[in-house]
Amino acid sequence: MPSAQKPMRYGHTEGHTDVCFDDSGSCIVTCGSDGDVRIWENLDDDDPKSITVGEKAYSCALKNGRLITAVSNNTVQIHTFPEGAPDGILTRFTMNANHVIFNRDGTKVAAGSSDFMIKVVEVADSSKQKTFRGHDAPVLSLSFDPRDVYLASASCDGSVRVWKMADQTCTTTWPLLQNCNDVINAKSICRLGWQPGSGKFLAVPVDKVVKLYRRETWDSQCSLSDTFITQPLNVVAWSPSGEYLAAGSVDGSIVVWNVEKQECIERMKHEKSYSVCGLAWHPKYSQIAYTDTEGNLGLLENIGDGKKANDKVTSTVTKDYNDLFDGEDDDYLNGDTIEPQSSPTAGADEDVDDLMPTSGPLRRAIIDDDDNSLDIGLIKANSNLLEKDDEDDDQSGGFPALPTSTQKHFYDGPMPTPRQKPFQSGSTPAHLMHRFMVWNSVGIIRCYNDEQDNAIDVEFHDTSVHHATHLPNSLNHTMADLSTEAILLACESSEELASKLHCIHFSSWDANKEWTVDMPKDEDIEAICLGQGWAACSTTALLVRVFTVGGVQKEIFSLPGPVVSMAGHGDQLMVVYHRGTGFDGDQCLGVQLMELGKRKKQILHGEPLSLTRKSYLIWIGFSAEGTPCYVDSEGIVRMLNRGLGNTWIPVCNTREHCKGKSDHYWVVGIHENPQQLRCIPCKGARFPPTLPRPAVAILPFKLPYCQVTTEKGQMEEQYWRSVVFHNHADYLSKNGYEVDENAKSQVVKEQQELLMKLFALSCRLERESRCLELAELMTQHVVNLAVKYASRSRRLNLAQRLSEMAVEKATELATALEDEEEEEDFRKHLTAGYSNSATEWSRLPVRNVQQDQDVGDTEETDGYEEAEETPEVHKQRPNPFSKGLTSAEVTTPKSAVITPSSQGRVNPFKVSSNKKDSVVPSANVLDTMSRYSKKTSLSGSRAVNKQNSPLIKPLIPKPKSKQTSAASFFQPRTPNTTEKAVEEREEKAGNESQEVKDTAQENTENRRPKTGFQMWLEENRANILADNPDLNEAEVIKESMSRFRMLTAEERIVWTEKAKGGTVHDVAEDKKRKRPTDDEDEAKKNPEQKSEDSNLSKKTKPLDQPTNVRLSAFAFKQS
């Protein structure tokens, strides 16, 4: 009589379920994650007796009328059987026990716990306990030796151990399993078992085979395997006689072997392919009770009765399919399948013409497959047309089959990955009765779909935006998005109704705040999103439909593939879709980023979306500042780096913050300033429950730079993270948003401090070439500070190279200043006679770049607003002298380091208006920095210019008493004791920085013709100094620029024309003039001649500036 598989019964809630028979076999006992033990008279028992033993029951064992259970309160309890009365606690652990077993006569109980310990307890006297320590991870399973000499255990540390119970020592250890940190993450629970009776063999399920280890010698006797097994085995169980061994796998396969003959006699497939986690043989009959991880109970009867029929398995169906596939192996879907072994005894008398019917389980496996398909690999594995392998020693398969090593594969390349289904960011799975439809930075939308209610609750984080709302869900909406303007809902189509998009525009000023749009027939909405003033949805027709938030249909465009998710922020729309088929577990996704404002354009044109290997997308969205971001299933958060050609950069790995392997973080929002990743910790799950209300955690960002444990690596990571997380300021200012200039300048200051620290560290390590590379990233004034640091460190070669770099930066700044003047004159001429209203030029977007920060020398409150120039497109430069701005505002000049082509060249000076505000200086980028006090009060005419401006000055030598040869930074110095003493005194006075500036201006003037401003300054310098005798050189320049700005456009054009007319003469004079850097001796012999040529000796004042003092102290602490 062939074996029979009965339909399964629901026994417990979803989770691990254990099973055993009583001593007589009259009933089946199961326990599950609902905390109940159920006693079944048979599989058809409609009213099994239930005993509640705790919140969760992990394992149960029954013998001699005593029921032992391992429950979630970390105890092992005893109940009477069948009454179910509590009979005390046998033992306790610090964590829950995972497996409990009786020994052969029921006098001892062994329990293995997640606290790595094993205890053997006398049932009669629980005070008699033995503890076995040695595992380094939770214990998975245990098995008593029938002779009560040994105890076997398997653990998450990957080892299987055999203990001698008498002295509690470990006899042998085999590293057989995959390491993991918890039972829930184990690939297999590895329920091992000793052969009943003699205890000759210990059976251990290892991957897809069962290894048999001989007693005492502990060597691997043989391995049992079968082609029917395609996934790891979870549990093994011996028949009471020890003749047969059953094994269950994680994909629901159950296989029974005759151990002596090493042949497979039964094969059965779980009707829903759930993982088999419990097996128990009937003590008298050929029956096997089994349970799965979904809480179901099944029964397999008549084991071994139909084994003879399996010896000759062939049929017309088998022959037809063998002919169809030409004898090739079709198990390519399981490339790592264990090689099938031939039986040493089967197949000798087989005849291809003998047609025998297949046994019950095999016939069902072939015909009654859930997918209505034939398992060709199974048919071929049972066909006698394949030759057996006589060379392998571990022959255990009961059916003749050719080893995979000699089979010709039909296809053994990479396998396609199933496509990820569409999802809404910030939502939990749609099949849940209580779920989050969306959780974002605006609020939370929950959906309740149970017997009492089908409704949607909307809650806003800021109740000033809108009050909480309760909505009916009669249309069964499954998708939602939320913004500060509207609530957007969508539902799938049904047989009667089309797919609908429903919007509640609560910020509308009129009374009608809701609208609904029906999709065309056979077109379902798959993803939705909201932006500022618009809504969008993506459909199964591969279309993206854009609407206004009031309901007007706007643009429609096609997607290259099925949508995965969408997100909106402001004018930006990001769509992720399948751009192809991924292989080997990888998704093949593409991303489009568009701007839907007045100037519609596409930023990302379907570029591949970078994902971690074998991961999928779980969240996309925008930071609060509008930067696109996304998160994959491996916890990697990536952000768009606009400063590097719109590439994606990983900014956080949430897995680094998870305590357990099964823990995850559910992202709900990202902020760039301050740097915060807002997410919800989920223990043992990927998403949180709706109740109790989850708590939001804040994770820090960290770029994956190398060697971040070192000082250098930490500062590099901090610097570049600061750069990446403040790219949004340029984007926002370019698009007309206001940017906090104070915060922006503070960021630049911090970046320059990090660069200076890296520079000092490289100097200490004698990496001068690296120092020069770091200086390229510095502003001009921090380079001056680096020059002083290098000089004091006696690195003269480095100081010379840095000085040359400072000259280049100063030259670029001077060029930018002249270009600004010429552009202003030209545009003033063009706009002469126009009204004060903005012209087309003045409406062009101003692209703010990182503001230059005077970290080393001076600071000022009133300054020019910085703007970025794009040399390639001169006609799109912003108007630096547009009306309505304050002319007296001056910023610290920006370093003219060559920036990426996407940023263009930096414009450090932009005039702000034609009027001077002598009372209240307006705010600028350096407002957050402290001021330094002047020793002498200044007149009212220069009240607005109370700070020393580090502007590029004309060639004005210093007084004799303070003069140092400017060439000293550019030429090697002779080892003269007097000169060194002079150097040290001057360095203490803090004058090297000024020398670099003077030298830079000398070189600039000698190479370039004079501008109109310079000619005006030469003629009017005496008047300015007469009015303000206490001004130093920088203040003279600032005051003169203020006066020059107040001239009419015609007067300034006249001065500019004068400068152009005198170019030839100036060039001739330049050729006659001898540069101080050309000849070191000339500079040393004539230090006084330069001073006589000046109009007035400059008064130098010591700096008393907190920022300068702080950085200088840091820079010179090594000297």
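The legends below describe close-up views of a predicted model.

**View 1. The surroundings of K500 in strand β36.**
Strand β36 covers residues 500-504, and K500 is found in this strand. K500 counts as buried because its relative accessibility is 13%. The side chain of K500 makes a polar contact of 2.8 Å with the side chain of D518. D518 also appears in the list of residues in contact with K500, once neighbours within four places in sequence are left aside. The other residues in that list are L475, L489, A490, C491, T516, V517 and I525.

**View 2. H270 in the loop between β26 and β27.**
Strand β26 (263-269) and strand β27 (276-281) are joined by the loop that holds H270. The relative accessible area of H270 is 2%, so this residue is buried. Two polar atom pairs can be picked out in this view. In one of them, a polar atom of the H270 side chain lies 2.9 Å from the backbone nitrogen of K272. In the other, the side chains of H270 and D292 are joined by a polar contact of 2.7 Å. Not counting residues up to four places away in sequence, H270 touches Q5, M8, G252, Y290 and D292.

**View 3. M639 in strand β48.**
M639 has its place in strand β48, which covers residues 636-641. With a relative accessibility of 0%, M639 counts as buried. Leaving aside neighbours within four places in sequence, the residues in contact with M639 include T627, P628 and C629. Also among them are T647, W648, I649 and V651, as well as I670, E672 and F725. G621 is 18 residues from M639 along the chain, and the C-alpha atoms of these two residues are separated by 9.8 Å.

**View 4. The salt bridge between K6 and E301.**
Side chains of opposite charge can pair when their charged atoms come close. By the rule used here, the model has 25 salt bridges. One of them is formed by K6 and E301, with the closest N and O atoms 3.4 Å apart. This pair links distant parts of the chain, as the two residues are 295 residues apart. K6 lies in the loop between β1 (4-5) and β2 (9-10), while E301 lies in strand β29 (residues 296-301). K6 is partly exposed, with a relative accessible area of 26%, whereas E301 counts as buried at 17% relative accessibility.

**View 5. The salt bridge between R446 and E459.**
The closest N and O atoms of R446 and E459 are 3.1 Å apart, and the two residues form a salt bridge. R446 lies in strand β31 (residues 443-449) and E459 in strand β32 (residues 454-460), so the pair ties together parts that are 13 residues apart in sequence. R446 is buried, with a relative accessible area of 9%. E459 is partly exposed, with a relative accessible area of 23%.

**View 6. The salt bridge between K600 and E555.**
K600 forms a salt bridge with E555, and their closest N and O atoms are 3.7 Å apart. The pair links distant parts of the chain, 45 residues apart. K600 is in the loop between β44 (589-595) and β45 (601-608), and E555 is in strand β41 (residues 553-558). Both residues are partly exposed: K600 has a relative accessible area of 43%, and E555 has a relative accessibility of 30%. Elsewhere, D34, D36 and R38 are joined into one network by salt bridges that share partners.

**View 7. A nonpolar patch on the surface, with W720.**
Y705, W720 and L777 form this patch, and together they have about 250 Å² of accessible area. W720 has its place in helix α4, which covers residues 711-724. W720 counts as partly exposed because its relative accessibility is 32%.

**View 8. Cysteines C277 and C706.**
The count of disulfides in the model comes to 0. For C277, the closest cysteine sulfur is in C31, at 9.2 Å, which is too far for a bond; the cut-off for a disulfide is 2.5 Å. C277 is buried, with a relative accessible area of 1%. C706, in contrast, is exposed, with a relative accessible area of 63%.

Note on methods
Residues are numbered from 1 along each chain as its sequence is written. This is a predicted model: local features need pLDDT of at least 70, side-chain atom pairs count only at pLDDT 80 or more; totals for chains, interfaces and linings use all residues. Side-chain values use heavy atoms; hydrogens and water are left out. Patches are made of residues with over 30% relative accessible area and no salt bridge: like charges are joined within 9 Å, nonpolar side chains (Val, Leu, Ile, Met, Phe, Trp, Tyr) within 5 Å. Accessible areas come from the Shrake-Rupley method with a 1.4 Å probe; for residues, only the protein chains shown count as cover. A salt bridge is a side-chain nitrogen of Lys or Arg within 4 Å of a carboxyl oxygen of Asp or Glu. Helices (H or I, at least four residues) and strands (E, at least two) are DSSP runs, numbered from the N terminus. Buried means under 20% relative accessible area, exposed over 50%, partly exposed in between (1.4 Å probe, protein chains only). A polar contact is a pair of N or O atoms within 3.5 Å; within protein, one must be able to donate a hydrogen and the other to accept it, and residues adjacent in sequence count only if both atoms are side-chain atoms. Contact means heavy atoms within 4.5 Å.
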